[in-house]
Amino acid sequence: MDIPVLIVGAGPAGLCTSIMLSRLGVRSLVVERHAGTSIHPKATDISLRTMELLRQRGLDHQVREAALDAWFVQSVRASTLASPEVKVTSLGYPDEEESRRLGIVSPAALAQDYFEPILLEAARSYDGAEVRFNTELTTIRQDEASVHATLVDRATNRMTRVRAQYVIGADGISSAVRQAANIAFEGPAQVGTYISVLFRADLSHLAPMPQRGLYMVQWGGHTGLILPTSRDGAP
């Protein structure tokens with residue numbers, strides 16, 4: 001198939017790129033090797049600039065309706081959730097008052113497992129956009145006129161050859177596009193090793209109000225992060 005733009009990765013970056021291109025009248029194909037949108041919260045904060053871009057696409061109200069009420073612009077360091085706050089630190093986002101001075105939108109807290117379905121629905125609302133899950137990029141090469149990619153359906157093993165004018169790598173830190181283009185990392189490839197656990201529990205009676213976006217706890221020689229990711233008690 002021939003397509004103006006092939007986008008590899010259906011996370012927020014890939015889906016937002018598809019929406020932007022559709023609004024400009026440019027057809028695109030988004031491929032994602034996973035079976036669907038994220039089932040894990042991953043990132044939870046949406047910056048003021050991103051909210052401005054979402055507003056241009058008419059999506060800011062949907063995001064705001066689903067967003068957390070957490071006062072996510074600050075993090076807290078303490079021994080436990082129930083312990084007195086030792087230190088409160090800004091996460092680098094403007095608060096409500098600062099946001100009003102900067103523009104008409106403010107940052108939001110919405111985890112990727114809630115954010116991506118909103119973007120997917122918007123991307124698929126355009127006739128010129130297609131999003132395929134369970135589809136993996138296996139080979140890619142470029143000549144003077146275009147980029148040639150091979151895609152494989154992971155469920156059926158069916159192969160599709162695509163010729164595109166442009167390929168956008170939105171496929172994360174282990175990007176197949178980045179590797180194919182021989183683009184090296186800048187800085188350390190790995191900052192640390194962490195175990196991420198998603199659980200559902202009402203901890204509001206333990207954490208002092210207002211609720212923070214990130215709790216850094218250190219107890220018994222162990223260090224961890226606790227953060228709210230949804231309104232249904234899943235931190």
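Which residue forms a salt bridge with R49, and how many Å apart are the closest N and O atoms? In this predicted model, the partner of R49 is E52, and the closest N and O atoms of the pair are 3.1 Å apart. The briefing below takes up the salt bridges, which come to a count of four, and then turns to the one cavity of 30 Å³ or more that a search of the whole structure finds.

**The salt bridge within helix α2**

- R49 and E52 both belong to helix α2, which covers residues 48-56, and because they stand three residues apart there, about one helical turn separates them.
- R49 is partly exposed, with a relative accessible area of 47%, and E52 is likewise partly exposed, with a relative accessible area of 24%.

**The salt bridge between strands β1 and β10**

- The side chains of D2 and R163 also meet in a salt bridge, with an N to O distance of 2.8 Å.
- Since D2 lies in strand β1 (residues 2-8) and R163 in strand β10 (residues 159-169), this pair ties together parts of the protein that are 161 residues apart in sequence.
- The relative accessible area of D2 is 44%, a value that falls between the 20% limit for buried and the 50% limit for exposed, and therefore D2 counts as partly exposed.
- R163, with a relative accessible area of 42%, is partly exposed as well.

**The salt bridge between E130 and R132**

- Another of the salt bridges joins the side chains of E130 and R132, for which the N to O distance is 2.8 Å.
- E130 is partly exposed, with a relative accessible area of 33%, while R132, at 24% relative accessibility, also counts as partly exposed.

**The cavity**

- The search of the whole structure yields one cavity of 30 Å³ or more, and the space in the largest cavity amounts to about 50 Å³.
- The elements that contribute two or more residues to the lining of this largest cavity are the strands β4 (71-78) and β11 (212-219).
- Its lining is made up of 11 residues, and those that lie nearest the centre of the cavity are V76, A78, T80, L81 and Y215.
- By residue character, the lining of the largest cavity divides into seven nonpolar residues, two polar residues and two charged residues.
- As background to such a search, rolling a probe the size of a water molecule over the atoms shows where empty space is left.

Key
Residues numbered from 1 in each chain as written. Predicted model: local features only at pLDDT ≥ 70, side-chain atom pairs only at ≥ 80, totals over all residues. Heavy atoms only, no water. 1 Å grid on protein atoms, 1.4 Å probe; cavity = no way out; pocket = protein on both sides within 12 Å on 5 of 7 lines; lining within 4 Å. Points joined across faces, edges and corners; volume = space filled by probe spheres on them. Helix = DSSP H or I, 4+ residues; strand = E, 2+ residues; numbered from the N terminus. Nonpolar A, V, L, I, M, F, W, Y, C, P; charged D, E, K, R; others polar. Buried < 20%, exposed > 50% of the residue type's maximum accessible area, 1.4 Å probe, protein only.
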